[in-house]
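Please open the model in your viewer and keep the sequence panel beside it. The tour below moves from the whole chain to a few selections.

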Amino acid sequence: MGAWDLLLVGLVLLLGLCGVVMPGVPGSWLVWAAVLWWALKDPRPVAWWVLVGATVVLFLSQVVRWALPPRRLRSGDTDGRLLAYAGWGSFIGFVLLPVLGAIPGFLAGVYLYERLRLGRRREAVAALRSAMRSGGWSLLTELFTCQLITAAWLGAVFWG
């Protein structure tokens, strides 16, 4: 697979990661489709194993999301900046503390946004709890899954 093809796959993966936090964009499906495209163009065994792993992890993610209470972040209740803070916090946490750092990073991003918006710690903590109860856990699950798949793809491209 050429460098341009890898760059395009990487851009689709990035679009999928951004699509997870944007309403109406099927982020997890874009991430899976990018890995599928890569596996079809690069028929090495590691590519197929990453695709199989991505499929299993996405399926398990859907099962976990269906097990969570059926709440969704409503567009009227959330600001686009809240989702941006949460997404960037998750990304920074994922990089600083590989894999598991995405969870506290996501929570820290939501807390930071609410703290800047509301000004007080107690109100920011209450708003964080409210956001996580109203669909934040579902969003975190999907984002974390897509980050895992992207990290597996990057690992396979650079070290596989």
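What follows is a short walk through a predicted model, with something to select at each stop.

**The whole chain**

Begin with everything shown as a cartoon, where you will find six helices and zero strands, so that the pattern along the sequence reads α-α-α-α-α-α. The radius of gyration is 17 Å, close to the 15 Å that the globule rule gives for 160 residues, and the protein is therefore as compact as a globular protein of that length. If you turn the model along its principal axes, the C-alpha atoms fill a box of roughly 55 × 30 × 25 Å.

Now switch on the surface, which comes to about 9,400 Å² of accessible area, with 71% of that belonging to carbon and sulfur atoms. Of the 160 residues, 39% count as buried. Among the contacts with a separation of 6 or more, 64% are made by residues 24 or more positions apart.

**The annotated spans**

Next, colour residues 6-39, 46-68, 88-113 and 139-159, which an unreviewed UniProt entry lists under the feature "transmembrane region". Select residues 139-159, where the chain is 100% helix and 0% strand, and where the end C-alpha atoms are 30 Å apart. Then select residues 88-113, a span that is 81% helix and 0% strand, with its end C-alpha atoms 11 Å apart.

**Trp-88 and the nonpolar patch**

Stay with Trp-88, which lies in helix H4, the helix covering residues 80-96. Is Trp-88 buried or exposed? Its relative accessible area is 57%, and because exposed means over 50%, Trp-88 counts as exposed.

Add Phe-91, Ile-92, Val-95, Leu-96, Leu-97, Val-99 and Leu-100 to the selection, and you will see that, together with Trp-88, these residues form a nonpolar patch on the surface with about 850 Å² of accessible area.

**Tyr-111 and its contacts**

Finally, move to Tyr-111, which lies in helix H5, made of residues 102-118. At 25% relative accessibility, Tyr-111 counts as partly exposed, because that class runs between the buried limit of 20% and the exposed limit of 50%.

Which residues is Tyr-111 in contact with, leaving aside its neighbours within four places in sequence? Show the side chains of Arg-121, Ala-124, Val-125 and Leu-128, which are those contacts. As a last step, draw a distance from the C-alpha atom of Tyr-111 to that of Gly-89: the two residues are 22 residues apart in sequence and 9.8 Å apart in space.

How values were computed
Residues are numbered from 1 along each chain as its sequence is written. This is a predicted model: local features need pLDDT of at least 70, side-chain atom pairs count only at pLDDT 80 or more; totals for chains, interfaces and linings use all residues. Side-chain values use heavy atoms; hydrogens and water are left out. Patches are made of residues with over 30% relative accessible area and no salt bridge: like charges are joined within 9 Å, nonpolar side chains (Val, Leu, Ile, Met, Phe, Trp, Tyr) within 5 Å. Accessible areas come from the Shrake-Rupley method with a 1.4 Å probe; for residues, only the protein chains shown count as cover. A salt bridge is a side-chain nitrogen of Lys or Arg within 4 Å of a carboxyl oxygen of Asp or Glu. Helices (H or I, at least four residues) and strands (E, at least two) are DSSP runs, numbered from the N terminus. Buried means under 20% relative accessible area, exposed over 50%, partly exposed in between (1.4 Å probe, protein chains only). Contact means heavy atoms within 4.5 Å. UniProt positions are given in the numbering used here, feature names are shortened, and annotations may be inferred rather than shown by experiment. The radius of gyration is taken over C-alpha atoms; the globule rule is 2.2 Å times the number of residues to the power 0.38.
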